[in-house]
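Biologist: Hello! Could you put the model up on the screen, and then we can go through it together?

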Amino acid sequence: MLPQRMKKAITDNPKKLANLIDLVNLPSTLREFVGQSQISRLGCFMSVWSYIKANNLQDPNNKNVINCDDKLKSILLGKPQVELAELPALIKMHFPKEPK
Amino acid sequence: MGKIPPSFRSAIGNPNIRNPSSLFRPQPPSPPSKPFPPTKKKSPKPIPQQPNPLFKSPNLEDAKKIFDSIANSSKDPRFPNSLLHSYAKIATSTSDSVKFLHHITKTLPSFSPDHSTFHILLSHSCTNPDSNSNPNSNSALSAIHQTLNSMRAAGVTPDAATADVSVRALCSAGHLDHAVDLIKEFASKHCPPDTYTFNFLVKHLCKARALSTVYAFIDEMREKFGVKPDLVTYTILIDNVCNGKNLREAMRLVSVLHEEGFKPDCFVYNTIMKGYCVLSRGSEAIEVYNKMKEEGVEPDLVTYNTLIFGLSKSGRVVEAKKLLRVMTEKGYLPDEVTYTTLMNGMCRKGEALAALALLGEMEGKGCSPNECTYNTLLHGLCKARLLEKATEFYGVIKEGGLKLDTASYGTFVRALCRDGRVAEAYEVFDYAVASKSLTDVAAYLTLESTLKWLKKAKEQGLAV
């Protein structure tokens, strides 16, 4: 069952959790969007998602699609439309794995 | 799904089905029925019920001043004890409390400290911040000793209740080894501990130490001080080894139990049954149940709940349903745990709709479902791919402001994503975070991995 496996993954692999919740110095594009110089990947996802909700950017005909405004375009590869399902992956691109 | 789904775990956490707690509730080792002299319980009460605490600062001088101003306001002989209790609660060190007691005895010559006075001091001597700052130090033990010394100095002999208070204070502060040392010291100097103290300590040892340590402790107590384990002790031990899935040891303990001349009671049987049930060994659990009936021990609600749990877990839902009827005939009203357990079994069999019908029956009988019931059903409906029903159910959960558990959240999110309803999955994610059902991290990781899996599935042409 996945939740248990996941719990195990988290306890076994603190690094995986760390790259989700550790504060990271942001590149300038993101910095402008979130208004902070440091944020975790989780925090970034939350702020983008709440930005989408606050500005009603979900397509009224298909809620699974986001119509990006200019601000959102600047951080999501400049795409005019983004699928909600892609969101975590797109945000993850701003948080490259740190070279060991 | 061989393991207990997490949606069920909280049902086990429910005191009605978790045997350890319900086992011991009717028997004395639990705190509510401490064998204290009645004064201990009565005396501290008046003060804590006051809306404003009398003593606001742990400073000794301030407390003395407050005491002086009200010293003669009450003629109740318990009054000084109450004051001492409320001061000891906030005092930063035991010596402050002891000094405060000296001050009381000086100011009120008519007051002579008795057992309950010192029990108040003892129960608070481990909760002071300075004795807790360093868990490895001996300060907690020395605080107890300090109090015991002043107790003897005042001409009050420590008794079994004193030992009980001290041991409980040490254990609740996490100084288990000190508690063991103390009980031995007590047994050699003053009096052997009573069975309640002994069992309390055994229970704590079981939780935190290796079984061999517990056995060594019991043997030492028996040989040196003549403290014999009783039925409750054995129940604690059996429960402990059953939780560790060591059923062979449990059986050995049961035979020891017989050798010692104890007749197992309902609690012992329930514990053994639970051991089998957790390992999905339904047939053995039934055997225990039959043996129990042979021996003329009346099964109780916990017995039935345990059995229904075990049978559901080993996939014998039909028998579990039969048992539900049997227990009703015997006059035990099935509670929400019984129903949830049974629903869980049905859901595992993929009979989510039957489980839903059972919910109707349950509500019809005036038994209201709890959070766990809803989670079990949500989980089951998703597994049975009845997404519409599941969504409806989610609405009920949300309306009631109930929490989702990890399993039902994950299953539901996956089911929604599989159906291409990503936006709704996001909404569920929001609800899970807002209702504090899961941590942000757990909720997000589930969502992220689900979406990742969805992408892969799409690439392979498996999903919408």
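Biologist: What percentage of the 464 residues in chain B is buried?

Modeller: This is a predicted model, in which local features need pLDDT of at least 70 and side-chain atom pairs count only at pLDDT 80 or more, while totals for chains, interfaces and linings use all residues. Residues are numbered from 1 along each chain as its sequence is written, with chains lettered from A and ligands numbered from 1 in the order in which they are written. A residue is buried if 20 or more other C-beta atoms lie within 10 Å of its own, exposed if 12 or fewer, and partly exposed in between, with C-beta atoms placed from the backbone. For chain B the buried share is 45%.

Biologist: Thanks! How many helices and strands are there in chain B?

Modeller: Helices (H or I, at least four residues) and strands (E, at least two) are DSSP runs, numbered from the N terminus. In chain B, the count of strands is zero and the count of helices is 26.

Biologist: Which repeat does UniProt annotate in chain B?

Modeller: The entry is unreviewed, and its repeat annotation covers several stretches, including residues 159-193 and 265-299. Such annotations may be inferred rather than shown by experiment, and their positions are given here in the numbering of this model, with feature names shortened. In the model, residues 159-193 of chain B are 77% helix with end C-alpha atoms 9 Å apart, and residues 265-299 of chain B are 74% helix with ends 10 Å apart. The name in the UniProt record is PPR.

Biologist: Are H16(B) and H18(B) roughly parallel or antiparallel?

Modeller: Axes are lines fitted to C-alpha atoms, for helices over the stretch in contact, and angles run from 0 to 180 degrees between N-to-C directions. Angles under 35 degrees count as roughly parallel, over 145 as roughly antiparallel, 65 to 115 as roughly perpendicular and the rest as oblique. H16(B), residues 266-278, and H18(B), residues 301-313, have axes 9 Å apart at an angle of about 15 degrees. The pair is therefore roughly parallel.

Biologist: How many residues in the contact of H16(B) with H18(B) are charged?

Modeller: Two residues are in contact if their C-beta atoms, placed from the backbone, lie within 7 Å. Among the residues that meet are Tyr269(B) and Met273(B) of H16(B), and Leu307(B) and Phe309(B) of H18(B). Ala, Val, Leu, Ile, Met, Phe, Trp, Tyr, Cys and Pro count as nonpolar, Asp, Glu, Lys and Arg as charged, and the others, Gly among them, as polar. This contact has eight nonpolar and four polar residues, and the charged ones number two.

Biologist: And how are H25(B) and H26(B) oriented to each other?

Modeller: Their axes come within 9 Å and cross at roughly 165 degrees. H25(B) and H26(B) are therefore roughly antiparallel.

Biologist: Ser435(B) caught my eye; is this residue exposed, partly exposed or buried?

Modeller: Ser435(B) sits in the loop between H25 (422-434) and H26 (440-459) of chain B, and touches Gly401(B) and Lys403(B), leaving aside residues up to four places away in sequence. With 14 other C-beta atoms within 10 Å, Ser435(B) is partly exposed.

Biologist: One last thing: what is the phi of Lys245(B)?

Modeller: Most residues other than glycine have a negative phi. Lys245(B), in the loop between H14 (231-243) and H15 (247-259) of chain B, is exposed with 12 C-beta neighbours inside 10 Å. Although Lys245(B) is not a glycine, its phi is positive, at about 60 degrees.
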